[in-house]
Amino acid sequence: MENIAIRFGDVQGNQVVQLWKRFTFGKKRKPRMKYMNATLPHTFPEDLITEILMMLPVRSILRFKCMCKSWFSLISHPEFARSHFALAATPTTRLYLSANDHQVECTDIEASLHDDNSAKVVFNYPLPSPEDKHYNRAIDIVGSCRGFILLMITSGALDFIIWNPSTGLRKGISYVMDDHAYNFCDDRCGFGYDSSTDDYVIVKLKIDGWCTEVHCFSLRTNSWSRILGTALYYPVDLGHGAFFNGALHWLVRRCNGRRQAVIISFDVTERGLFEIPLPPDFAVKDQICDLRVMEGCLCLCGANIGRETTIWMMKEYKVQSSWTRLIVPIYNKCHPFLRVFYPICLTKKDEFLGSNHKTLVKLNKKGDLLEHHARCHNMGCGILLRGGVYRESLLSLPE
């Protein structure tokens, strides 16, 4: 934030820096408007205010909404939210962990695992009152996209909630394509964004009979559609679809004689299902596999208990020869608890953030243990299944 004063080199820049420090790092109770009006410089041109706000993280901008009516109007405008998402100087990426069916913990991936004060935020799930049909149902986080997290609520019926934890915005969606109960073992879901139509898309792979169906929900049209596949697949990975390059991806096996493993992708714009070949010498056997997005690449992660974690990065999308292997040795006699490592994301410092079942772990690319923190004691083996990352945003959903 001090860069603002240096950049603008005038009294206005210093005034904003001091005001921001008071407002952000002072007491957490909401300041009185009388104080705010007395402190706020009235000579700021609007374009300067906009440029300064673009430099701030989402949580700081939301605090400034109660500065005055003009700032509230500026920050609340959809165009400001879109510009901030595209041009933000300090985007914040958070790790989300769902430890129970009521709350989700969100932590800045760049912060220390032991920094629970400024880095960690706990949100209540946007669930209705106990009288509502969603009460006491199992909750699963499908994935994230542009600051929104997709929640899946199951218990006989299946429902979804698109939720922006930063702003509190949410929208409920009912799954209406099937009459029978949802089967987690056979089906997989995904959450993506169609940039050509500014549309958020929910995808559910339906494995039934002789082919794999794709059930697709468009937020723009507020409707479900059915797309018939030509082959039958069975899921291999533990999680839901990984969204990358405008498509959702799952690791599956072909249900034919050889049962060959492949990655299938569903392009949310073309609404088609395609296959992506695996690395030539990759074997699913004896590994716990998962798809992630790291360093701007689609990544295939394979964890071997008591050995190493292998991360394959596809440097050029859909090009089999571009798969690059990185082996992260994880066994260390000084830390015998670290017998398996599931990578979730990569920080700006080139550190892998992942889990050892109940423990959050940070490793460098050589496999050296940097940090570990047993934060989630009640999750069993669920950190991998119920953890992921999202980028904070001010975005709203399209009409």
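In this predicted model, Thr107 stands opposite Lys120, a residue of strand 3. The two strands concerned, strand 2 and strand 3, run antiparallel and are joined by five bridges. Strands of a sheet pair through backbone hydrogen bonds, and such pairing can be either parallel or antiparallel. Following the pairing outward, one finds an open sheet of four strands, which has the order 3-2-1-25 and antiparallel pairing. Its edges are formed by strand 3 (120-124) and strand 25 (387-391), each of which pairs on one side only, and from one strand to the next the twist averages 30°.

The loop between strand 1 (93-97) and strand 2 (103-108) is the place of His102. Leaving aside residues up to four places away in sequence, His102 touches Phe123, Asn124 and Tyr125. Although His102 and Tyr125 are 23 residues apart along the chain, their C-alpha atoms are separated by 5.6 Å.

Another part of the chain to follow is strand 22 (residues 352-356), of which five of the five residues are buried, so that this strand is largely enclosed by the rest of the structure. Both of its faces are covered, with Phe352, Gly354 and Asn356 buried on one side and Leu353 and Ser355 buried on the other. Strand 21 (residues 342-346) runs antiparallel to strand 22 and is joined to it by four bridges, with Tyr342 standing opposite Ser355. The hairpin of these two strands has five residues between them, and there Asp350 takes a positive phi near 65°. Strand 22 also pairs with strand 23 (residues 359-363), in the antiparallel sense and over five bridges, and here Asn356 stands opposite Thr359. In this second hairpin, which has two residues between the strands, His357 takes a positive phi near 60°.

Where do nonpolar side chains gather? The largest nonpolar core has 37 residues, of which Leu53, Phe160, Ile162, Tyr200 and Ile202 touch the most other members. Domain 1 (46-89) and domain 2 (93-391) both give residues to this core, and the core therefore lies between them. Leu53, when residues up to four places away in sequence are not counted, touches Ile61, Phe64, Trp71, Leu74, Ile75, Phe80 and His84. Apart from the largest core lies another, made of 16 residues, including Ala242, Leu278, Leu298 and Trp312.

Charged side chains add another kind of link, and a search of the whole structure finds 11 salt bridges. In one of them the side chains of Arg254 and Glu275 meet, at 2.5 Å from N to O. Arg254 belongs to strand 14 (residues 247-254) and Glu275 to strand 16 (residues 272-276), so this pair ties together parts that are 21 residues apart in sequence. Arg254 counts as partly exposed because its relative accessibility is 22%, and Glu275 is likewise partly exposed, at 35%.

A further salt bridge joins Asp281 to Arg325, whose closest N and O atoms are 3.9 Å apart. Asp281 lies in the loop between strand 16 and strand 17 (288-294), while Arg325 lies in strand 20 (residues 323-329), so the pair ties together parts that are 44 residues apart in sequence. With a relative accessibility of 48%, Arg325 counts as partly exposed. Asp290 and Arg292 also form a salt bridge, with their closest N and O atoms 2.8 Å apart, and both of these residues are buried. Finally, salt bridges that share partners join Glu295, Asp350 and Lys365 into one network, and Asp350 is the residue that takes a positive phi in the hairpin of strand 21 and strand 22.

Methods. Residues numbered from 1 in each chain as written. Predicted model: local features only at pLDDT ≥ 70, side-chain atom pairs only at ≥ 80, totals over all residues. Heavy atoms only, no water. Contact = heavy atoms within 4.5 Å. Pairing = 2+ DSSP bridges. Axes fitted to C-alpha atoms, helices over the stretch in contact; angles between N-to-C directions. Salt bridge = Lys/Arg side-chain N within 4 Å of Asp/Glu carboxyl O. Buried < 20%, exposed > 50% of the residue type's maximum accessible area, 1.4 Å probe, protein only. Core = buried A, V, L, I, M, F, W, Y, C linked by side-chain atoms within 4.5 Å. Domains from an automatic or database assignment.
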